[in-house]
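Biologist: I should be grateful for a close look at one part of this model. Please describe that part in detail and then set it within the chain as a whole.

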Amino acid sequence: VQLQASGGGLVQAGDSLRLSCVASERTFSNYAVGWFRQVPGKEREFVAAVSRSGGSTYYADFVKGRFTISRDSAENTVFLQMDSLKLEDTAVYYCAARRSTIVVANDMDLWGKGTQVTVSS
């Protein structure tokens, strides 16, 4: 299974973006999926995750109330809706998948290439 993240771009503070993570195979439904982000010179950090069933979601404190993760199993896609973007949300965003019920940040099986999100003032 290969993952492709897209949807990044340059936006102003307060704007919204929706990132997509599309998988190459329908077996994507067997994976829990997470979004992570990384700024140059800093470690990659967890942003949000959705369980294999889609019934449970998890968020880092710094995005709670602003970001929403969801999945469309029919389309082999996981979305990250990002609202009220802040300057500090600027980063490369990666989607990753784990062939399990839930995401474990340091034990992901698959990683997609990142998509750049830049938030300007």
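**A sheet and its surroundings**

Modeller: Ser84 lies in the loop between β8 and β9. In this predicted model, Ser84 has a positive phi of about 50° although it is not a glycine. Ser84 counts as partly exposed because its relative accessible area is 41%, which falls between the limits of 20% for buried and 50% for exposed residues. The strand on one side of that loop, β8, belongs to the part that I shall describe, an open sheet of four strands in the order β1-β3-β8-β7 with antiparallel pairing. Its edge strands are β1, residues 3-6, and β7, residues 67-72, each of which pairs on one side only. On average, and with direction ignored, neighbouring strands of the sheet are turned by 15° against each other.

I begin at the edge formed by β7. This strand is joined to β8, residues 77-82, by six bridges, and the two run antiparallel. Within that pairing, Thr68 has Gln81 of β8 as its bridge partner, and Arg71 stands opposite Val78 in β8. The two faces of β7 differ in cover: Phe67, Ile69 and Arg71 make up the covered face, whereas Thr68, Ser70 and Asp72 make up the uncovered one. The two bridge positions just described therefore fall on opposite faces of β7, since Arg71 is on the covered face and Thr68 on the uncovered one.

The hairpin of β7 and β8 has four residues between its strands. Asn76 is found in this loop between β7 and β8, and takes a positive phi of about 50° despite not being a glycine. At 10% relative accessibility, Asn76 counts as buried, because the limit is 20%. The loops on both sides of β8 thus each hold a non-glycine residue with a positive phi of about 50°, namely Asn76 and Ser84; Asn76 is buried, while Ser84 is partly exposed.

At the other edge, β1 pairs with β3 in the antiparallel sense over four bridges. One position in this pairing is Ser6, whose bridge partner in β3 is Ser20. The side chains of β1 alternate: Leu3 and Ala5 are buried and point to one face, while Gln4 and Ser6 point to the other and are not buried.

The sheet also contributes to the interior. In soluble globular proteins, nonpolar side chains tend to be buried together. The largest nonpolar core here has 29 residues, and those with the most contacts inside it are Phe28, Trp35, Leu80, Met82 and Tyr93. The elements that give two or more residues to this core include the four strands of the sheet, β1, β3 (17-23), β7 and β8, together with β4 (32-38), β5 (45-50), β9 (91-98) and β11 (115-120). Met82, for example, touches Asp15, Ser16, Leu17, Leu19, Arg66, Phe67, Tyr93 and Val117, once residues up to four places away in sequence are set aside. Phe67, from the covered face of β7, is thus among the residues that Met82 touches. A second, separate core has six residues, among them Phe36, Ala49, Ala96 and Val103.

Beyond the sheet, Ser120 is placed in strand β11. With 26% relative accessibility, Ser120 counts as partly exposed. Its contacts, leaving aside neighbours within four places in sequence, are Leu10, Val11, Gln12, Ala13 and Leu87. Ser20, the partner of Ser6 in the sheet, is 100 residues from Ser120 along the chain, and the C-alpha atoms of Ser20 and Ser120 are separated by 21 Å.

Finally, the chain as a whole contains eleven strands and zero helices. Of its contacts with a separation of 6 or more, 57% are accounted for by residues 24 or more positions apart. Buried residues make up 41% of the 121 residues. The accessible surface comes to about 6200 Å², and 44% of this belongs to carbon and sulfur atoms. Along the principal axes, the C-alpha atoms fill a box of roughly 40 × 30 × 25 Å. The radius of gyration is 13 Å, which agrees with a compact globule, because for 121 residues such a globule would have a value near 14 Å.

Definitions and conventions: Residues numbered from 1 in each chain as written. Predicted model: local features only at pLDDT ≥ 70, side-chain atom pairs only at ≥ 80, totals over all residues. Heavy atoms only, no water. Pairing = 2+ DSSP bridges. Axes fitted to C-alpha atoms, helices over the stretch in contact; angles between N-to-C directions. Buried < 20%, exposed > 50% of the residue type's maximum accessible area, 1.4 Å probe, protein only. Core = buried A, V, L, I, M, F, W, Y, C linked by side-chain atoms within 4.5 Å. Contact = heavy atoms within 4.5 Å. Rg over C-alpha atoms; globule rule 2.2 N^0.38 Å. Areas by Shrake-Rupley, 256 points an atom, 1.4 Å probe, with all protein chains shown as cover.
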